Amino acid sequence: MLDNMGSLKQYYGLCKMANEAVLVLEAYKALRDRAPYPLSSMLAHLSGTFSFLVFDTTTSTLLVASDPDGKVPLFWGITADGWVAFSDDLGLLKASCGKSLAPFPPGCYYSNILGGLKSYENPKNKITAIPANEEEICGATFKVEGPVVAASQ
């Protein structure tokens with residue numbers, strides 16, 4: 001659910017009936033096809049609660065993102081055969097990823113083309129994996145290092 005749907009629809013030239021999924025796809029396509037700005041800039045314009053996955057069949061690009069507060073659950077892990085898997089269902093991933101799963105970090109995005117996991121709120125800051133205790137289900141949590149910089153709206 002995006003809080004700024006009205007202004008984003010206007011910015012991307014979408015009709016009033018467009019929903020959040022259509023908006024994210026159109027924003028991604030505008031970035032891919034026309035925009036000379038970084039992915040973090042497009043994601044920083046999204047205000048609200050969200051997590052999504054976009055797979056672009058034309059470029060074989062995967063984009064996964066979560067809102068800054070992590071209000072929409074999203075998990076990721078590595079399957080036994082080495083694939084990265086994403087889901088909002090922890091049980092599903094637990095069955096296929098075992099202990100190599102973790103909550104997807106809030107305010108971050110993953111792109112197989114653009115260098116893996118990055119913070120869109122603080123794109124220049126390094127992200128560090130912190131291994132979880134052995135008793136915990138998830139293999140790691142992630143921390144964005146460096147000074148916090150507010151995303152422009």
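Start by selecting strands 3, 4 and 5 of this predicted model: they form an open sheet in the order 4-3-5, paired antiparallel. Its edges are strand 4 (84–87) and strand 5 (101–103), each of which pairs on one side only. Direction ignored, neighbouring strands here are turned by 20 degrees against each other on average.

Now narrow the selection to strand 3 (residues 75–78) and strand 4, which run antiparallel and are joined by four bridges. Click on Ile78 to pick out one of these pairings: the bridge partner of Ile78 in strand 4 is Val84.

What packs on this sheet? Add residues 90–97 to your view and you have the answer, helix 4, which touches strand 3, strand 4 and strand 5. The direction of helix 4 makes about 10 degrees with that of strand 3.

Next stop: the other sheet on this tour. Select strands 1, 2, 6 and 7, which form an open sheet in the order 1-2-6-7 with antiparallel pairing. Here the edge strands are strand 1 (51–56) and strand 7, each pairing on one side only. From one strand to the next, the twist averages 15 degrees. Keep this sheet on screen and bring in helix 2, which packs on it and touches strand 1 and strand 2 (61–66). Helix 2 points at about 50 degrees to the direction of strand 1.

Stay with the sheet a little longer and zoom in on residues 108–111 and 116–119. These are strand 6 and strand 7, paired in the antiparallel sense over four bridges. Highlight Tyr109 and you will find that its bridge partner in strand 7 is Lys118. Between the two strands of this hairpin lie four residues, and Gly115 takes a positive phi near 95 degrees.

Then go back towards the start of the chain and show helix 1 (residues 5–12) with helix 2 (residues 20–33). Their axes come within 10 Å and cross at roughly 40 degrees, which makes helix 1 oblique to helix 2. The crossing of helix 1 past helix 2 is left-handed. To see the contact itself, display the side chains of Met5, Leu8, Lys9 and Tyr12 from helix 1, together with Glu20, Leu23, Glu26, Ala27 and Ala30 from helix 2. Coloured by class, this contact shows six nonpolar and three charged residues, with no polar ones.

For the last stop, colour by pLDDT. The protein averages 83, and 82% of the residues score at least 70. Where is confidence lowest, and where is it highest? Strand 9 (residues 140–144) has the lowest value, a mean of 63, while strand 1 has the highest, at 94. Finally, select residues 148–153, where the pLDDT is below 50. In the model, this stretch has nine contacts beyond near neighbours in sequence. Where pLDDT is low, the predicted coordinates should not be read in detail.

Key: Residues numbered from 1 in each chain as written. Predicted model: local features only at pLDDT ≥ 70, side-chain atom pairs only at ≥ 80, totals over all residues. Heavy atoms only, no water. Axes fitted to C-alpha atoms, helices over the stretch in contact; angles between N-to-C directions. Parallel < 35°, antiparallel > 145°, perpendicular 65-115°, else oblique. Left-handed = near helix turned anticlockwise from the far one by under 90°. Contact = heavy atoms within 4.5 Å. Nonpolar A, V, L, I, M, F, W, Y, C, P; charged D, E, K, R; others polar. Pairing = 2+ DSSP bridges. pLDDT = per-residue confidence, 0-100.
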